[in-house]
Amino acid sequence: MGVPVRPAGVMGADNLSEKAAKMRESLLKSQSITDNMVSILGSFDHRLSALETAMRPTQIRTHAIRRAHENIDRTLKSADVILDRFDLSREAEAKILRGPHEDLESYLEAIEQLRSNIVFFTNNKSFKSSDGVISHASNLLSKAISKLEQEYKQLLSSYSKSVDPDRLYECLPSSLRPSSGSPDANGKNPSNSHTGHITAENAVFAPLILIPPRVLPLLHDLAQHMVQAGHLQQCLVIYRDTRSIVLEETLQKLGVEKLSKDDVQKMQWEVLELKIGTWIHFMRIAVKLLFTAERKICDQMFEGIESLRDQCFAEVTAGSVAMLLSFGDAIAKSKRSPEKLFVLLDMYEIMRELHSEIESLFRGKACKEIRESALGLTKRLAQTAQETFGDFEEAVEKDATKTAVSDGTVHPLTSYVINYVKFLFDYQMTLKQLFQEFENGGDSNSQLASVTMRIMQALQINLEGKSKQYKDPALTNLFLMNNIHYMVRSVRRSEAKDLLGDDWVQRHRRVVQQHANQYKRIAWAKILQCLTIQGLSSSGGGSSVGDGGGNSSGASRALVKDRLKIFNGQFEELHQRQSQWTVPDTELRESLRLAVAEVLLPAYRSFIKRFGALVENGKNPHKYIRYSAEDLDRMLGEFFEGKTLNEARR
């Protein structure tokens, strides 16, 4: 029988059992190994713990040694720093004992070193000698600053010298330089004209150097150290006392005087006018040169020291500014008079011109009082000028001068007022500025025109009053004709024409013509009556020429002779008197003579032609017909020449 064959399924199950048995065996071995490893590691951990316990004292000692070394290193380093500080202190002390004069830079470094040491030891109070070191350094620093003050004062003084006038004039633009090194003999510096005034505003002024630029950094450092040491007030006093004297001496050399109102009142006008002219010159020099240069010094020397910069400038310049402004105040407060108006306007102009520079130079709270003083003077000058202007208008209308102009010429008041008005027009811009300030704005052109018209009207009113002094109404009209013509001609030739307008000119030209016509009518009506035919016809006795005589129309010879005799007498009287009268304007004089000749000569020629035969045929005809028409014309040419009585008789 054969071996029985296992079914395939039974064989697979056996193989699986074998594999499972092997895996169980492997797992048991792994567990055994793991248990052994855990046992070994546990034993190792125990030994390490024992070793660590054994090493701990050694680690502690090593850490302590390392920290000790670090402390020693730090202590040595601190000692080195302290020793260095002592060395610095000794070096600083040596420099300070030598003083600042030889080597200022090193001296200033030494002060910084002392300050640094004081801060260091103040912050390291643990050092047992700190208090002693701080005390010594502080005393030394105090001495150092004291020497520094002396050096600052000496250095500032040695470079602070008053400036000679010639050096100041060299800094002026050529248009403003006086030709002889001082304001000219008339007291008017070149800028007093209004073209000069404009030039002065735009002119370039050369910078004035008061302290050499190379010295300023040293002075700045000295000032800074004094301030840092708490000596700000000492610094200010030194600077003020040194520089203020220099500025005032410079102005005195220039010619600036401190004058009171009483001093001004006592002066002759010519002297005062001269001083006002030079004052205007001095103001420009002071602001544009002196104060500008001083402000530059203050700004550079006290850069970074704001509390000193403006204060020093204010205190240094206060005396000089007061010296200048006091004169202006004295003028503004002095008794008003018409001639002062123009100098007041000149002074007002210079203050206006310098206003922006004064505001810029004297900026800051410390300079407020100076700014207000300058502005106050400007306003006072404007106010006084305004009042003087008003006074003038009233004075013209009420002028009661007894100055006689017996020849009927232009009255001194007329020429004075017209010249005054002409001068006013040189100040148009200034006057407009005044009107804007005091008339609450408005059209300044119309205001100036209105004021000018009122002055002209006041003059006319006054002249009409003066014309009544003449007993001869013909001379009254000649006087008014002359004076109003002078007004019209002057206006036409000046800027006043544009302001017053053509209407004013034409209206017053008609007034001139009216007075000329009135003169002609009054002066010549009576003599012309002699040359008329009225009343010449014979009513009885006496010779006459009948119709056969041609032109006599039956006129009486006796009446014709009488008329010619009266005519001759009246003409000679007119010639003698009116040759002494004056018409100063050549064109007006010729025009007036021609107007008389155009009436007189034709009437005379006609009369002689018509009635001359009655006289010529009689005895002594030359006794009655003394003059030809040409003779009369020649004699008319002698009228209004302002001759003396003897000249007129000849």
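1. A good place to start is F640, which sits in the loop between helix 21 and helix 22. In this predicted model, F640 carries a positive phi of about 65° even though it is not a glycine. As background, most residues other than glycine have a negative phi. The side of F640 that a reader may wish to check next is its exposure: with a relative accessibility of 2%, F640 counts as buried, because buried means under 20%.

2. The loop that holds F640 also holds K643, since K643 is found between helix 21, which covers 629–636, and helix 22, which covers 645–649. K643 is partly exposed, its relative accessible area being 24%. Along the chain K643 and Q578 are 65 residues apart, yet their C-alpha atoms are separated by 8.8 Å.

3. Turning to the chain as a whole, its secondary structure comes to 22 helices and zero strands. The chain has 650 residues, of which 43% count as buried. Among the contacts with a separation of 6 or more, 80% are accounted for by residues that lie 24 or more positions apart. The chain exposes about 35100 Å², and carbon and sulfur atoms supply 52% of that area.

4. Two further pairs, distant in sequence, can be looked up in the helices. G319 is found in helix 10, which spans residues 306–333, and is partly exposed, with a relative accessible area of 28%. The C-alpha atom of G319 is separated by 7.2 Å from that of S244, although the two residues are 75 residues apart along the chain.

5. The other pair involves Q433, which lies in helix 14, made up of residues 428–438. Q433 counts as partly exposed at 23% relative accessibility. If its neighbours within four places in sequence are left aside, Q433 is in contact with Y348 and R352. The C-alpha atoms of Q433 and E349 are separated by 9.8 Å, and these residues are 84 residues apart along the chain.

6. On the cysteines, the structure holds zero disulfides. Why does C312 not form a bond with C298? The closest cysteine sulfur to that of C312 is the one in C298, and the distance of 5.8 Å is too far for a bond, given that a disulfide is a pair of cysteine sulfur atoms within 2.5 Å. C312 counts as buried, at 0% relative accessibility. C171 likewise counts as buried, with a relative accessibility of 8%.

7. The largest pocket holds about 480 Å³ of space. It is lined by 17 residues, and those closest to its centre are H485, R509, V512, E587 and L588. The elements that give two or more residues to this lining are helix 16 (473–492), helix 17 (496–529) and helix 19 (586–616). Helix 17 gives the most to the lining, with six residues.

8. A last point concerns the make-up of that lining: by class, the largest pocket is lined by six nonpolar, four polar and seven charged residues. A reader who wants to see this in the model could begin with H485, R509, V512, E587 and L588, the lining residues closest to the centre of the largest pocket.

Conventions
Residues numbered from 1 in each chain as written. Predicted model: local features only at pLDDT ≥ 70, side-chain atom pairs only at ≥ 80, totals over all residues. Heavy atoms only, no water. Helix = DSSP H or I, 4+ residues; strand = E, 2+ residues; numbered from the N terminus. Buried < 20%, exposed > 50% of the residue type's maximum accessible area, 1.4 Å probe, protein only. Contact = heavy atoms within 4.5 Å. Areas by Shrake-Rupley, 256 points an atom, 1.4 Å probe, with all protein chains shown as cover. 1 Å grid on protein atoms, 1.4 Å probe; cavity = no way out; pocket = protein on both sides within 12 Å on 5 of 7 lines; lining within 4 Å. Points joined across faces, edges and corners; volume = space filled by probe spheres on them. Nonpolar A, V, L, I, M, F, W, Y, C, P; charged D, E, K, R; others polar.
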